[in-house]
Amino acid sequence: MIDPSPSPHLDFALELRVHIAPTLELGSGPFGIRRTVPITGGTFRGPKISGRVLAGGADWQLVQRDGLTFVDAQYVIETSNGVRIEVRNQGIRHASPEVFDRIEAGEIVPPGQYYFRTTPRFYPPDGQYEWLNRSIFLGIAERYADLVLVRVWMVT
């Protein structure tokens, strides 16, 4: 008999504080409402990496009729020593209609009242941050009026 693989563990990697502009509605289609959320900057910090989120990215979203939201954020982070790393962070968010309305209105809603999980993928250049290419990451996100906070763990 083959020994089973060990259960995965999570090691904290970093926290992203991504500043956002107001949502741009793109219209409704057969799969739901399309919209985008411009990324205006921010910061990040972890045990092995820190720096800033560069302006210019965006979160492209599809919101289904029941409020289930698919997110696909693409942006660039720059480490404190000047290395630029592309980030693609995909995930889902869902909540009761009442909680969804409160979030959309910009109200601060405790993160335990909704589900917002992501799977960030990092694309660093060769060198010091190649470790970001070699693991799967899991993010737990919180949505605020002008900020998305994402705590990221590395699956080990």
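**Exercise 1. The pairing of strand 1 and strand 10**

Task: In this predicted model, determine which residue of strand 10 stands opposite Phe-12, and describe how the two rings are arranged.

Solution. Start from the strand register, where Phe-12 stands opposite Trp-153 in strand 10. The two strands concerned, strand 1 and strand 10, run antiparallel and are joined by 9 bridges. Turn next to the aromatic pairs, of which the count comes to 3. For the rings of Phe-12 and Trp-153, the centres are 5.9 Å apart and the planes stand at 75°; since planes over 60 degrees apart count as edge-to-face, the pair is edge-to-face. Finally, place the two residues along the chain: Phe-12 belongs to strand 1 (residues 10–20) and Trp-153 to strand 10 (residues 147–155), so the pair ties together parts that are 141 residues apart in sequence.

**Exercise 2. Accessibility of the two rings**

Task: Decide whether Phe-12 is buried, partly exposed or exposed, and do likewise for Trp-153.

Solution. The limits needed are that buried means under 20% relative accessible area and exposed means over 50%. Phe-12 has a relative accessibility of 38% and therefore counts as partly exposed. Trp-153, at 21% relative accessibility, also has to be counted as partly exposed.

**Exercise 3. Salt bridges around Arg-151**

Task: Identify which residues Arg-151 meets in salt bridges, and state which network results.

Solution. The whole structure holds 11 salt bridges. In one of them the side chains of Arg-151 and Glu-15 meet, with an N to O distance of 3.1 Å. Because Arg-151 lies in strand 10 and Glu-15 in strand 1, this pair ties together parts that are 136 residues apart in sequence. A salt bridge also links Arg-151 to Glu-142, and here the closest N and O atoms are 2.7 Å apart. Through salt bridges that share partners, Glu-15, Arg-17, Glu-142 and Arg-151 are joined into one network. As for accessibility, Arg-151 is partly exposed, with a relative accessible area of 28%, whereas Glu-142 is buried, with a relative accessible area of 10%.

**Exercise 4. Strand 7 and its neighbours**

Task: Work out which strands pair with strand 7, which residues form its covered face, and where the salt-bridge partner of Arg-93 lies.

Solution. Take the neighbours in turn. Strand 6 (residues 69–79) is joined to strand 7 by 10 bridges, and the two run antiparallel; within this pairing, the bridge partner of Gln-74 in strand 7 is Arg-88. The hairpin of strand 6 and strand 7 has 4 residues between the strands, and in it Gly-82 takes a positive phi near 85°. Strand 7 is likewise antiparallel to strand 8 (residues 115–123), with 9 bridges between them, and Arg-88 has Arg-121 as its bridge partner in strand 8. Arg-121 also lies over the face of Tyr-123, at 5.3 Å from the ring centre.

Next, separate the two faces of strand 7: the covered one consists of Ile-85, Val-87, Asn-89, Gly-91 and Arg-93, while the uncovered one consists of Arg-84, Glu-86, Arg-88, Gln-90, Ile-92 and His-94. On the covered face, which includes Arg-93, the relative accessible area of Arg-93 is 2%, and this residue is therefore buried. Arg-93 forms a salt bridge with Glu-104, whose closest approach, N to O, is 3.2 Å. Since Arg-93 lies in strand 7 (residues 84–94) and Glu-104 in helix 1 (residues 97–104), the pair ties together parts that are 11 residues apart in sequence. Glu-104 itself is partly exposed, at 33% relative accessibility.

**Exercise 5. An aromatic cluster and a nonpolar patch**

Task: Establish which residues form one aromatic cluster, which residue lies over the face of Trp-131, and which residues make a nonpolar surface patch.

Solution. The aromatic cluster is formed by Phe-122, Trp-131 and Phe-137. Over the face of Trp-131 lies Lys-48, at 4.2 Å from the ring centre. The nonpolar surface patch, of about 320 Å², is made by Leu-24, Leu-26 and Trp-60. Of these patch residues, Trp-60 is placed in strand 5 (residues 58–63), and its relative accessible area of 46% makes Trp-60 partly exposed.

Terms used
Residues are numbered from 1 along each chain as its sequence is written. This is a predicted model: local features need pLDDT of at least 70, side-chain atom pairs count only at pLDDT 80 or more; totals for chains, interfaces and linings use all residues. Side-chain values use heavy atoms; hydrogens and water are left out. Patches are made of residues with over 30% relative accessible area and no salt bridge: like charges are joined within 9 Å, nonpolar side chains (Val, Leu, Ile, Met, Phe, Trp, Tyr) within 5 Å. Accessible areas come from the Shrake-Rupley method with a 1.4 Å probe; for residues, only the protein chains shown count as cover. A salt bridge is a side-chain nitrogen of Lys or Arg within 4 Å of a carboxyl oxygen of Asp or Glu. Buried means under 20% relative accessible area, exposed over 50%, partly exposed in between (1.4 Å probe, protein chains only). Rings of Phe, Tyr and Trp (its six-membered ring) pair if their centres lie within 6.5 Å; planes under 30 degrees apart count as stacked, over 60 as edge-to-face and the rest as tilted. A charge sits over a ring if NZ of Lys or CZ of Arg is within 6 Å of the ring centre and within 35 degrees of the ring normal. Two strands pair if DSSP finds at least two bridges between them.
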